[in-house]
Amino acid sequence: GTAREKAGSKDGALQAFEEASQILEARGLTSSSDYAEVQAAVKRLKAASEPAEGMSNAAADPELQALEEERRSHQQAKTLQTRQGAYCLMSLGAARGRHGDLDGALEVFTEAQQAYIAVGAMDSEEGIALLSNMAFSQVQRGNREEALKLYREAKAICERLAILDTPVGQRVIRNLQKHEA
């Protein structure tokens, strides 16, 4: 988290600190000084990302606005059920998740999954990324079992694609192991 923050990635830093918080909570270390530091970082980063008065985080984010517009364009062109439409939806879901709209993120991720299935592209690195994003959102919602199911599905795709030993496959394995503990 600290490295991401120093690199200027406030959203990435917040995500990393929130993950660290979950790990420390899962291990029962809520009274440790590490946990206090992580919580302070989460609070600081959330406060720094508060939008101007009267404007929601989502409304203030040009990336989210652009993705919503791209989605509307795909809808008008009737191309949401393509690989490009699915990728747009996956990106939109991730952006919504970064703004704390986990229900909205999962709704859009489900649409993306349906599109990837429709074009036969779930067995791909994009499919793995989508399932991992869905799993992460489930972890944040406290749905550990659903997250594990999604991570296992992503791992099965890695196995079918013979990419378990690549960075993509190793990330899936790490996430699965982290949440199985």
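# A walk around a bundle of helices

Let's start on helix 5, where Leu-64, Leu-67, Glu-68, Arg-71 and His-74 are buried. "Buried" here means under 20% relative accessible area, "exposed" means over 50%, and "partly exposed" is in between (1.4 Å probe, protein chains only). Those five residues cover an arc of only 120 degrees around the axis (taken from the directions from the helix axis to the C-beta atoms), which puts them on the same side of helix 5. Turn to the other side of helix 5 and you'll find Pro-62 and Gln-76, which are exposed.

Before going further, a quick word on what you're looking at. This is a predicted model, in which local features need pLDDT of at least 70 and side-chain atom pairs count only at pLDDT 80 or more, while totals for chains, interfaces and linings use all residues. Residues are numbered from 1 along each chain as its sequence is written, and side-chain values use heavy atoms, leaving out hydrogens and water.

Now step back and take in the whole protein. How many helices and strands does the protein have? It has 10 helices and 0 strands, so called because helices (H or I, at least four residues) and strands (E, at least two) are DSSP runs, numbered from the N terminus. Read from the N terminus on, the elements go α-α-α-α-α-α-α-α-α-α. Of the 181 residues in the protein, 40% are buried. Look also at contacts, meaning heavy atoms within 4.5 Å: among those between residues at least 6 apart in sequence, 52% join residues at least 24 apart.

Back to helix 5 for a moment, to check its length. The expected span of a helix is 1.5 Å times one less than its number of residues. For the 16 residues of helix 5 that gives 22 Å, and its end C-alpha atoms are indeed 22 Å apart, which agrees. Helix 6 also has 16 residues, and it reaches 23 Å from its first C-alpha to its last, close to the 22 Å expected.

Helix 6 has a long list of buried residues, among them Gly-85, Ala-86, Cys-88, Leu-89 and Met-90. Which helices do the buried residues of helix 6 pack against? They pack against helix 5, helix 7 and helix 8. Arg-98 lies in helix 6 too, and at 34% relative accessibility it counts as partly exposed. Follow the chain back from Arg-98 to Asp-11: the two are 87 residues apart along the chain, yet their C-alpha atoms are separated by 6.9 Å. Leaving aside neighbours within four places in sequence, Arg-98 is in contact with Asp-11 and Glu-63.

What about the inside? A nonpolar core is a set of buried Ala, Val, Leu, Ile, Met, Phe, Trp, Tyr and Cys residues joined through side-chain atoms within 4.5 Å. The largest one here has 35 residues, and Phe-109, Tyr-116, Ile-128, Leu-130, Leu-131 and Met-134 touch the most other members. Helices 5 (62-77), 6 (83-98), 7 (102-118), 8 (125-141), 9 (144-161) and 10 (167-180) each supply at least two residues of this core. Zoom in on Met-134: not counting residues up to four places away in sequence, it touches Leu-106, Phe-109, Thr-110, Gln-113 and Leu-150. There's also a second, separate core of 9 residues, including Ala-13, Tyr-35, Ala-41 and Val-42.

The loops deserve a look as well. Ser-124 is found in the loop between helix 7 and helix 8. Is Ser-124 buried or exposed? With a relative accessible area of 9%, Ser-124 is buried. Its contacts, again not counting residues up to four places away in sequence, are with Arg-83, Ile-157 and Leu-161.

Finally, some backbone angles. Most residues other than glycine have a negative phi. Lys-78, which is not a glycine, nevertheless has a positive phi of about 55 degrees. Lys-78 is found in the loop between helix 5 and helix 6, and it is exposed, with a relative accessible area of 75%. Ala-162 is not a glycine either, and it has a positive phi of about 55 degrees. You'll find Ala-162 in the loop between helix 9 and helix 10, where it counts as exposed at 61% relative accessibility. Just after helix 6, Gly-100 takes a positive phi of about 85 degrees.
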